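Here is a brief report for a reader new to this structure. Look at the sequence and the model first, then read on.

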Amino acid sequence: MLPALLRSLVTTQPPRSKSRLALSNPDLSDSEDEDQDIDMLGPAIFRLPPKVFARILDFALTGSDPSDSEVVEQVLPLLTVCSEWCEAAIPALYASPPLRGPQTFAHFIRILSLSAAPNSTSFFEYHPLVEALNIEGPAADNIEMGDLETALGLCPNLRSFRLASCLHISSKIVQSLADYAPHLTALSLEGCPVGDGYISDLILGCPNLTSVNLSATNVSFASFEALLTGLQSLESLTLDGMQPAEVEQESSRPRRSSFIGSPPPPTTRRVFVAQKGTISHKLSYVSLSGSKPSEKDLKNLAMRAPNLKTLVLSGCENLTDNHVVSFLDQLAIPRQTATPHTIQLECLDLDGCHLLTSVTPGKISSIFAGVSKLGPIDPPTHDKPTNMLDLIDGIGRLKFMTLSPLKSLGLSATEVDADSIRTLIRECGALVEVRLDGCDLISGTFIESVAQDCWALMEAEREEARLLRQKKLAVAAASSSAVDMARKGSLASRLPVPVNKRSTVVVIGGVSTPPSSPHQTVSSGVSAMSSPPSKSTMPYDWCRLIGPIAMKRVATFEGTF
């Protein structure tokens, strides 16, 4: 006779409530009387409806790293409780399976193959459950192109695919994604040697992509316009380290045939042709850090992505003032749309672009000074009187006229001066952070003294957060000790507490003194062990203006720098 637990897993009939076992009962007897006792005395959580438990499990695993061993250890015990919990835990585990190494990946493919076979005897259909594949580290070191193609063909509902630093694959992986993953929404091939050859296939085969990361690859700016115009659902585009356009020679390697019933790959190459005037309205984040864009590339970006909110150009060594001017001029061009168009750029990262001068902050000031305000504040009228003090910001400008959306600006290691920064802050009233690390022309000015005050304020906030965490830990430790004492019973609570007879030396003011009492030994010893850490000094060349108070101090400064 099989135990009640195994019988509940292999039965063909709907499992009864008495097959649910309480973890507090180690006896897996087949007695129906004992099963009934378990139903009556077991915790209420074992009687949860399957849909409710599935929702709880999905919420618990949301946001966790699937490759983390702790997540797997938390899910696997749930598979052995009852059939209902197993049916809810299996989809949560296979939605983003943890692939730790090549052997795990091979075993994963074997399970999917058995599940997708026509005469499969698997207890579950595993292959439709896979929605995300995250292959990195040891799993990506020895993986082969054919295994990747087989895995993609076995996952018809794949939504997210990430392959990191796999140096022995080719651009054919892009074509495989286009052939077998039409529902893909997130793609990351960071550090993989893929090029421009199959980008058109990717655009046509995966039109629902919302996030694309092709950093540190061989993809060049030759595919930049196609990515901007072809993926209309694109929201985030990361192309760090992209090089200028070059012609790439693709090797004609035969594709590996697959035994699964997937549609055959196309026999001819598909080429995407960008239509004139196509605009990506949803694109809000673009990162080109460490790349070498031309003025035409940035102008094309401003034209194709008018609703851009974050642009990262840090470390672009060829970036000059002309690049920034061309981008901002194109971004400020009014467009004929149903709703009034305004610049929405909130974050501009130009850190490390050492060729930039004071022309760049001057251009930013002139562009963002005339941005129309589309918020809830309306100008006062004769029938709606308003207190004028509520309509004036801290610098003295009318809020209902203009308001710059720019909140964060990075100009570290550039040749900007203090006067241009003051003008920039005056015109861009929404700024909350300006990074000026390593700017030689800012050193020794009033702006640097304000930045030092910002550092001191940050250190004070960190110390306050540290003390708050210690207080919470102390409260938790006190509550747990009280619970332990209550569990020991009244007899244990009356037992004498042993006192450590060893003499403890307490260091006070650099002088070693013996304790005068046991209480002083304990308290002084704790204070000596948990002495406050020394405050960190401000790093060299650190110069950042953070917060509205710092912005107001610089904007209202009337002296000379």
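## Confidence and overall make-up

The chain averages a pLDDT of 76, and 64% of the residues score at least 70. Here pLDDT is the predictor's confidence in each residue, from 0 to 100. This is a predicted model: local features need pLDDT of at least 70, side-chain atom pairs count only at pLDDT 80 or more, and totals for chains, interfaces and linings use all residues. Residues are numbered from 1 along each chain as its sequence is written, and side-chain values use heavy atoms, with hydrogens and water left out.

Two stretches score poorly. Over residues 1-32 the pLDDT stays under 50, and the model has 50 contacts for them beyond four places in sequence. Over residues 34-42 the pLDDT is below 50 as well, with 17 contacts in the model beyond near neighbours in sequence. A contact means heavy atoms within 4.5 Å.

The chain holds 18 helices and 13 strands. These are DSSP runs, numbered from the N terminus: helices are H or I with at least four residues, strands are E with at least two. Of the 561 residues in the chain, 40% are buried. Buried means under 20% relative accessible area, exposed means over 50%, and partly exposed lies in between (1.4 Å probe, protein chains only). Among contacts in the chain with a separation of 6 or more, 76% come from residues 24 or more positions apart.

## The sheet

How many strands form the open sheet? There are 11, in the order 1-2-3-4-5-6-7-8-9-10-13, and the pairing is mixed. Strand 1 (132-135) and strand 13 (544-546) stand at the edges, each with a single partner strand, so one side of each has no neighbour in the sheet. Neighbouring strands are turned by 5° against each other on average, direction ignored. Strands of a sheet pair through backbone hydrogen bonds, either parallel or antiparallel. Two strands count as paired if DSSP finds at least two bridges between them.

Three pairings are set out below.

| Strands | Sense | Bridges | Facing residues |
|---|---|---|---|
| Strand 1 and strand 2 | parallel | 4 bridges | Leu 133 and Phe 161 |
| Strand 2 and strand 3 | parallel | 3 bridges | Arg 162 and Ser 188 |
| Strand 10 and strand 13 | antiparallel | 3 bridges | Val 434 and Leu 545 |

Strand 2 (residues 160-163) has two kinds of side chain positions. Phe 161 and Leu 163 point to one face and are buried. Ser 160 and Arg 162 point to the other face and are not buried.

Further along the sheet, Ser 236 is found in strand 5 (residues 236-238). Ser 236 is buried, with a relative accessible area of 19%. Not counting residues up to four places away in sequence, Ser 236 touches Thr 210, Ser 211, Val 212, Leu 283 and Tyr 285. The C-alpha atoms of Ser 236 and Ser 287 are separated by 8.4 Å, although the two residues are 51 residues apart along the chain.

## Helices

Helix 9 (residues 172-180) is mostly covered, with 9 of its 9 residues buried. Among them are Lys 172, Ile 173, Asp 179 and Tyr 180. What covers them includes helix 8 (145-153), strand 2, strand 3 and helix 10 (199-205).

How do two other helices pack? Helix 13 (residues 321-331) and helix 14 (residues 359-368) pack at an angle of about 10°, with their axes 9 Å apart. That makes helix 13 roughly parallel to helix 14, a term for angles under 35 degrees, with over 145 roughly antiparallel, 65 to 115 roughly perpendicular and the rest oblique. Axes are lines fitted to C-alpha atoms, for helices over the stretch in contact, and angles run from 0 to 180 degrees between N-to-C directions. Helix 13 contributes residues including Val 324, Val 325 and Leu 328, and helix 14 residues including Ile 364, Ile 367 and Phe 368.

## Two loop residues

Ser 165 is found in the loop between strand 2 and helix 9. Its phi is near 55°, a positive value in a residue other than glycine. Ser 165 is partly exposed, with a relative accessible area of 45%.

Ala 413 lies in the loop between strand 9 (408-410) and helix 15 (418-427). Its phi is near 60°, again positive in a residue other than glycine. Ala 413 is partly exposed, at a relative accessible area of 36%.
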